[in-house]
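Hi everyone, thanks for coming. I'd like to walk you through a structure that is new to most of us, so let's put it on the screen.

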Amino acid sequence: MIKTLVSPCSVVGFGSQKLKFDRTCKNVKPRAVRMELTITQPDDWHLHLRDGDLLQAVVPHSASHFRRAIVMPNLKPPVTSTAAAITYRESIMKALPPGSSFDPLMTLYLTDKTQPHEIKLARESGVVYAVKLYPAGATTNSQDGVTDLFGKCLPVLEEMVKQNMPLLVHGEVTDPSIDVFDREKIFIETVLQPLIQRLPQLKVVMEHITTMDAVNFVESCKEGFVGATVTPQHLLLNRNALFQGGLQPHNYCLPVLKREIHREAIVKAVTSGSKKFFLGTDSAPHERRRKEASCGCAGIYSAPVALSLYAKVFDEAGALDKLEAFTSFNGPDFYGLPRNSSKITLKRAPWKVPEVLSFSFGEIIPMFAGETLQWQPSFE
């Protein structure tokens, strides 16, 4: 449901553009500005909740906007077994605000030692929905990741096909000789394409895509078998955001931000209406002192602002009518899960993002800290 307001003789803001009208209103077609948009409550198909104090601090932000979330397993130690996933889920449930209906969908961390039997247990558990592939050393807490995908991990991948268990891929090679801005492209060529050719029935989600190459690859694959999650940062920021006004550690994530041509390609893909792309924030909280350090952590904390930022992207692209499918339909359809029945309303109501989020253990800087956003989610 969309509510609109018509302003025929004024300056009307629509996304990042403003249209000026003459005072006589002659030969001017009134333009409707969308003031409200009610959509099916979204899910987050890529989320980091951490554990301990961080978990307690951040889970309410995701639970306030999203009905479900695919929770990443890269803890210390990583979540490599179904039993560990069940225990982690119990910790998340205990951290939820009273009355919350948020449902964490758990994942397993794939290693060279994972056994096919673990995939059977995961499917039977009813709480594990996917397996995450981290190439060893690719990102935060990935040191236990995969080193031999087509050798030691092949029996597990074959069992995943039998169990219809999706593989979630951090799509970067880790060879230090490969330029950091090319690691996604090379991963597609050397790992992902051969994987799809070898196991065409394996369901694969290419996580947090960052390049035109990834867009083209996903679009070339069979619908229903290969999809992609897209973050707010890779829709709104290019690599200049890392360096404008000095080094910006809170804009540093992995995969790293890319050139503007890649950002534009991703925006075009998600606002096209394609069913292959869906919301995955990759919201990744770190304490401020760990971001603003001599060796700062990778990760952007977007959970409190993600829906506002996705709405900004679709608004500026003139594609608000396609926002609901991206946020609320494409993900559950890919996973074979029912769409949510609850609703959430996005209102055009300017609000300022807090400069900092303070907790007993320290501070977290949210994405777009201190900036004013135009869309605000609310439940009726």
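I'll start with the sheet, then visit two residues, and end with the cysteines.

A word on the source: this is a predicted model, where local features need pLDDT of at least 70, side-chain atom pairs count only at pLDDT 80 or more, and totals for chains, interfaces and linings use all residues. Residues are numbered from 1 along each chain as its sequence is written, and side-chain values use heavy atoms, with hydrogens and water left out.

How are the strands of the sheet ordered? The order is 5-6-7-8-9-10-11-12, an open sheet of 8 strands with parallel pairing. Strands here are DSSP runs of E with at least two residues, helices are runs of H or I with at least four, and both are numbered from the N terminus. Two strands pair if DSSP finds at least two bridges between them. At the edges are strand 5 (44-47) and strand 12, each pairing on one side only. On average, neighbouring strands of this sheet are turned by 30° against each other, direction ignored. Angles run from 0 to 180 degrees between N-to-C directions, using lines fitted to C-alpha atoms, for helices over the stretch in contact.

Helix 3 (residues 116-125) packs on this sheet, touching strand 7 (103-109) and strand 8 (128-133), and its direction makes about 145° with that of strand 8. Touching, or contact, means heavy atoms within 4.5 Å.

Now to Pro 232, which sits in helix 7 (residues 232-236). Is Pro 232 buried or exposed? Its relative accessibility is 0%, so Pro 232 counts as buried. Buried means under 20% relative accessible area, exposed over 50%, and partly exposed in between, with a 1.4 Å probe and protein chains only. Beyond residues up to four places away in sequence, Pro 232 touches Thr 281, Ser 302, Leu 309, Tyr 310 and Met 367.

Next is His 286, in the loop between strand 12 (277-279) and helix 9 (288-291). His 286 is buried because its relative accessibility is 6%. Its side chain reaches the backbone oxygen of Ala 298 at 2.8 Å. Leaving aside neighbours within four places in sequence, the contacts of His 286 include Arg 50, Glu 363 and Cys 297.

That brings us to the cysteines. How many disulfides are there? The count comes to 0, where a disulfide is a pair of cysteine sulfur atoms within 2.5 Å. For Cys 297, the closest cysteine sulfur is in Cys 295, and at 7.4 Å that is too far for a bond. Cys 297 counts as buried because its relative accessibility is 14%.

Notes. A polar contact is a pair of N or O atoms within 3.5 Å; within protein, one must be able to donate a hydrogen and the other to accept it, and residues adjacent in sequence count only if both atoms are side-chain atoms.
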